[in-house]
Amino acid sequence: MTGGKPRSILPHLRLDELLAELQVRLEAVLATRDRVHALLEAVVSIGSDLDLETVLRRIVETATTLVDATYGALGVVGEEQTLVQFIPVGLTEEEVARIEHWPHGLGLLGLLIKDPRPLRLNDISKHPDAYGFPPGHPVMKTFLGVPIRVRDEVFGNLYLAEKRGGAEFDEDDEAIVVALATAAGVAIENARLYEETRRRETWLRASSEISTSLLSGTESGEVLTFIGKRAREMVDADVVAILEPDESGEYLDLVNAEGPAADSVEHSRVGVEGSISGAAFTTGEPVGVASLAERSMTLLGSQIGPAAAVPLGAGGSQPRGVLVLGRRAGRLPFSDAELRMLHSFAGQAAIALELAERRKDAERLGLLEDRDRIAKDLHDVVIQRLFAVAMTLMSTVRLVEERPEAVQRLQTAIDELDETIRQIRSTIFALQTPRDLESPSLRSRIVELVEDARSRLGFMPGLKLEGQLDTQVTPNLADQLLAVLREALSNVVRHAKASHVDVTVRAVDGVLTLQVDDNGIGPPPEGGRRSGLRNMQDRAERLGGEFAFGPGRDRGSSLRWSVPLAQEA
């Protein structure tokens, strides 16, 4: 008190109010500063990665942190104005397991898709477009939704719910999320451009590798597998399957499956009718679906969601097969850009395969022409000259009849010339025989069998082939002949102790004959006939032929197996 009067405390109260208001405003400024700094850090964070799926998840996590939301999600909008991917944040594994299905883009989520503008609600249940939550979904009250645009295209929407502490989302929260969504659009576009560039590099490298492999003689089956692997890498698919049409054209048969989810392939064939693979095969255009559950007749299992089928062909020609690619359920579907790139890559790969096959056909044609030319030269020149020499020697025999030794030598020379002429004629038959050069002929199989015995015998057996073995001998009879020859050579190795073996196979005068002569210890004594010899005799008798085994002309043993050539295939 002063002068007996009480001091007024009103000025002090006014000052306290002003100081409290100033403190509140300073705290608001500091909070705003902190949120701006957090927003800047968030923008830097989401732009620091170029993997699209990583960027999307980071956007949701950042948004929930900025506005202190309990739950967040990013829904990717597909071509049919539905959600093709849903990335949630804030749910525990138990909560995720209880949810029956992710939202499809109905109710409020559908409203944001149809009218892409920010939407802020204090109570979701009171909005007229509220659709309800899927079974098992946690209950949510407050809501903030903001669209994400990539250039002029709505890529998806950010959904935030349940601000912590029971508060409501305010204008500042909306402004922060709108700013983040703008930066997110730029980050998504950068990730897309990076992925497209990476895919193009992979495409160019793969095209070069495919051409190099084909030109170096790699089999087309291996190249097809390589094409599937590179196509999977281009679009980051979890599985790729290569299908080729069967003879009927009603089914596509699985050739190869590759990738982390290759075990999801459930069938070895799929019908052309009613499948995305068949649609791509019949139309010659790529087909993509957001979920295989939408289509029937697929060979990929339930763990695969988005899928694409790309024809392996180009330029309106009949596709030679189909590439089927799949991603695990929950991943982004294949974009139009990815489908176009896969279609172009598959078309180029098919052209490379076609050119390689044409080159092989040209090589086969050239080889056949060379064989025909050699056969004609042998027939028209070599045989005629040998025949003339033989005739000359035969006429010379009369001039030296008084000298038996000279006659014997001339006769031996004439016999050798006759044998040479027969061998050349047999070679001509082989050269003129039309056959698939990729499948082994009977002659080549006989030669291979005789050469295989070389390591076990310690020397190379002699071999003579006469007649049209590749045209007159049926497949069944060829198998029987090879079985007998294999057993005969095995017996020589195990029992004959020979240093020389001659194998002769003839298809002459309607009879197929196999003769094996050796200079070994000779046939076993009576009663010692082996089971292998009995088997060879049984084979001959079943085919209406004959079998003989006994001592050779000079020493060793001689085996003769002959059957009629007229056998049913």
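The paragraphs below lead through a predicted model, taking its strands, a packed helix, a buried tryptophan and a pocket in turn.

A suitable starting point is strand β5, which covers residues 153-163. Of the 11 residues in β5, 8 are buried, so the strand is largely enclosed by the rest of the structure. Strand β1, residues 69-77, pairs with β5 in the antiparallel sense over 7 bridges, and within this pairing Leu 74 stands opposite Leu 158 of β5. Strand β4, residues 143-150, is likewise an antiparallel partner of β5, here over 8 bridges, and Leu 144 has Leu 160 in β5 as its bridge partner. The hairpin formed by β4 and β5 has 2 residues between the strands, and in this hairpin Arg 151 takes a positive phi near 60 degrees. As a general point, the strands of a sheet pair through backbone hydrogen bonds, in either a parallel or an antiparallel arrangement.

Further along the chain, 6 strands form an open sheet whose order is β8-β7-β6-β11-β10-β9, with antiparallel pairing. Its edges are β8 (269-271) and β9 (287-289), each of which pairs on one side only. Neighbouring strands of this sheet are turned against each other by 25 degrees on average, when direction is ignored. Within the sheet, strand β6 (residues 239-245) and strand β7 (residues 251-258) are joined in the antiparallel sense over 6 bridges, and Leu 243 stands opposite Leu 254 in β7. Helix α7, residues 276-283, packs on this sheet and touches β6, β7, β8, β9, β10 (304-311) and β11 (322-328). The direction of α7 makes about 20 degrees with that of β10.

The next region can be followed from two residues that touch each other. Gln 480 lies in helix α12, which spans residues 475-496, and with a relative accessibility of 17% it counts as buried, because the cut-off for that class is under 20%. Apart from its neighbours within four places in sequence, Gln 480 is in contact with Arg 539, Leu 543 and Trp 561. Trp 561, found in strand β16, is buried with a relative accessible area of 0%. Leaving aside neighbours within four places in sequence, the contacts of Trp 561 include Gln 480, Leu 481 and Val 484, as well as Leu 512, Thr 513 and Leu 514, and among them are also Met 536, Arg 539, Ala 540 and Phe 547. Trp 561 and Gln 515 are separated by 46 residues in sequence, yet their C-alpha atoms are 6.4 Å apart in space.

Gln 515 leads on to the second largest pocket, where it is one of the residues nearest the centre, together with Lys 464, Asp 502, Asp 517 and Arg 553. This pocket has a volume of about 700 Å³ and is lined by 20 residues. The elements that give two or more residues to its lining are α9 (404-431), β13 (501-508), β14 (511-518) and β16 (557-564), so numbered as runs from the N terminus. Among the contributors, α9 gives the most, with 5 residues. What is the division of the lining residues into nonpolar, polar and charged? The lining holds no nonpolar residues, whereas 8 are polar and 12 are charged. Strand β16, which gives two or more residues to this lining, is also the strand in which the buried Trp 561 is found.

Note on methods:
Residues numbered from 1 in each chain as written. Predicted model: local features only at pLDDT ≥ 70, side-chain atom pairs only at ≥ 80, totals over all residues. Heavy atoms only, no water. 1 Å grid on protein atoms, 1.4 Å probe; cavity = no way out; pocket = protein on both sides within 12 Å on 5 of 7 lines; lining within 4 Å. Points joined across faces, edges and corners; volume = space filled by probe spheres on them. Helix = DSSP H or I, 4+ residues; strand = E, 2+ residues; numbered from the N terminus. Nonpolar A, V, L, I, M, F, W, Y, C, P; charged D, E, K, R; others polar. Pairing = 2+ DSSP bridges. Axes fitted to C-alpha atoms, helices over the stretch in contact; angles between N-to-C directions. Contact = heavy atoms within 4.5 Å. Buried < 20%, exposed > 50% of the residue type's maximum accessible area, 1.4 Å probe, protein only.
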